[in-house]
Amino acid sequence: MRAGLARCDGRRAGALGSMGVLALVSGGLAACSTPEARFSTIQDLPAELRSSVALRLTSWDEDEGYWMQLDVDQRLAGDLLERPVLIPFEDERPWSEPGRRGRPIVRASIWPVGDGAPTLVPAVVDTGAASTLILSRDTARHVDAWLSAEIGPHEGIGFVGPVPAGIGLVRRLEIGPLSLAPAEVKVNTEQAGVSASVGLSAFMVFGGLVFDWENHVIVALPRGRPVRIDPGWAEVAWGPMPRVDLREAQDGGTSDSGDVGPSWSIRQTFSGMPVVQAAIAGKPLRTVLDTGGDGHLASLRPLAVDERGRRRLVGSHGRIRAMREHTLDGVVRIGSVEFANPTVVVPDPGVDDKGESEASLQYFDAVIGVELLRRQPVWFDFERAAVRFWTGEGALPALAGSR
């Protein structure tokens, strides 16, 4: 998916971004007059950050002109992991019953582009988003994120249709042991309110992430190290393959304190989400495994459901769409793992989406949300392009392998 692209002829861009958070909205919508997102040029960046961004011409079309992409030279501050580490998270709905607890929330420290202290922001860990840091318009202004005026406003892909967005950076992002300086940011420029999430690109310096729901921790595994895969892990292939090139930077990292230490330049061609082949009520669908997605299951394709269902408003990055909620008459099967009779939201046959789902349907058909994923530990293996579900008895086995 092409994130952060713009046409050089100055017309509105048709860029593709990450799907990001999917939410079921139970209340009404209120109008809000908040300031627009702020865009400025690369020359407006502080001098020490200008070399961290570059514009690249990626393609040319006779009708649409040239496409530009903004490349952010993200740096991992410090050394690579030598052993697994734990990143604690909180439940979005901490007092809910175990089967209905919410999305994983971590504490992210975000440094402004200019001088200033970091802001501590609760952020959803969102495996359904390919970007590093995803912010609403209001949160981006609060943390003083920079957005490229050269790229300008463009359209990203949301679950329920195009999402107006901008792309840029923040000076530094810290989540537990992870410190990126600078860090790439995508801003949903028409999404009001306070919202933040961290996508898979933030974690590509690791070899993988294991969500241990019972103990409220994410286990970050070191890259390039052997792992031990117990027979209790049920595995399914993940596409597209996430790829990243880590190179030790000779010039050190960018730091608001002026310290220059060891750092790693992150060059990644990863441009997708964990999409697996799932059988949903016997129908093969390309399905995103989305810890940022609320609920059990959502499908852009019609499914075999008997009743008309309950009307639900489904939101993604500020976009709202009316859908229908049902109990699926059948199972969801991912490899050897089955989920029986989940709740599913599907397109409302009485609502014309005016083709807004067509772009999303190029990449996926359905989304499995956090309430199904939380039924067992889940392991996203970045190096082996696999997702694993723990089906064994008892506590998680050791994950670190031996040489």
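**Exercise 1. Find the ring over which the charged end of Arg-172 sits, then find the ring face over which Arg-388 lies.**

Solution. The charged end of Arg-172 sits over the ring of Trp-111, 5.8 Å from its centre. The criterion is NZ of Lys or CZ of Arg within 6 Å of the ring centre and within 35 degrees of the ring normal. Arg-388 lies over the face of Trp-379, and here the distance to the ring centre is 4.3 Å.

The model is predicted: local features need pLDDT of at least 70 and side-chain atom pairs pLDDT 80 or more, while totals for chains, interfaces and linings use all residues. Residues are numbered from 1 along each chain as its sequence is written, and side-chain values use heavy atoms, with hydrogens and water left out.

**Exercise 2. Classify the ring pair of Trp-233 and Trp-379, and place both residues in the chain.**

Solution. Rings of Phe, Tyr and Trp (its six-membered ring) pair if their centres lie within 6.5 Å; planes under 30 degrees apart are stacked, over 60 edge-to-face, and the rest tilted. By this rule there are nine aromatic pairs. For Trp-233 and Trp-379 the ring centres are 5.1 Å apart and the planes stand at 75 degrees, so the pair is edge-to-face. The pair links distant parts of the chain, with Trp-233 in strand E20 (residues 233-237) and Trp-379 in strand E32 (residues 378-381), 146 residues apart. Strands (E, at least two residues) and helices (H or I, at least four) are DSSP runs numbered from the N terminus. Both Trp-233 and Trp-379 are buried, where buried means under 20% relative accessible area, exposed over 50% and partly exposed in between (1.4 Å probe, protein chains only).

Next, Trp-238 and Phe-382 form an edge-to-face pair, 6.0 Å centre to centre with 75 degrees between the planes. Trp-238 is in the loop between E20 and E21, and Phe-382 in the loop between E32 and strand E33 (386-390). Both are buried. Trp-238 and Phe-382 also belong to one aromatic cluster with Phe-89, Phe-211, Trp-213 and Phe-380.

**Exercise 3. Determine why strand E19 counts as largely enclosed, and list its strand partners.**

Solution. Five of the five residues of E19 (residues 217-221) are buried, so the strand is largely enclosed by the rest of the structure. Val-217, Val-219 and Leu-221 point one way, and Ile-218 and Ala-220 the other.

Two strands pair if DSSP finds at least two bridges between them. Strand E6 (residues 85-88) pairs with E19 in the antiparallel sense over four bridges, with Ile-87 opposite Ile-218. Strand E18 (residues 208-212) also pairs antiparallel with E19, over five bridges, and Asp-212 stands opposite Val-217.

E18 and E19 form a hairpin with four residues between them, and His-216 in the turn has a positive phi of about 55 degrees. Asn-215 is in the loop between these strands. The side chains of Asn-215 and Asp-212 are joined by a polar contact of 2.9 Å. Such a contact is a pair of N or O atoms within 3.5 Å; within protein, one must be able to donate a hydrogen and the other to accept it, and residues adjacent in sequence count only if both atoms are side-chain atoms.

**Exercise 4. Describe the surroundings of Glu-371.**

Solution. Glu-371 is in helix H3 (residues 370-373). At 3% relative accessibility, Glu-371 is buried. Its side chain makes polar contacts with those of Arg-93, at 2.7 Å, and His-296, at 3.4 Å.

Note on methods: Contact means heavy atoms within 4.5 Å. Lists of a residue's contacts leave out its neighbours within four places in sequence.
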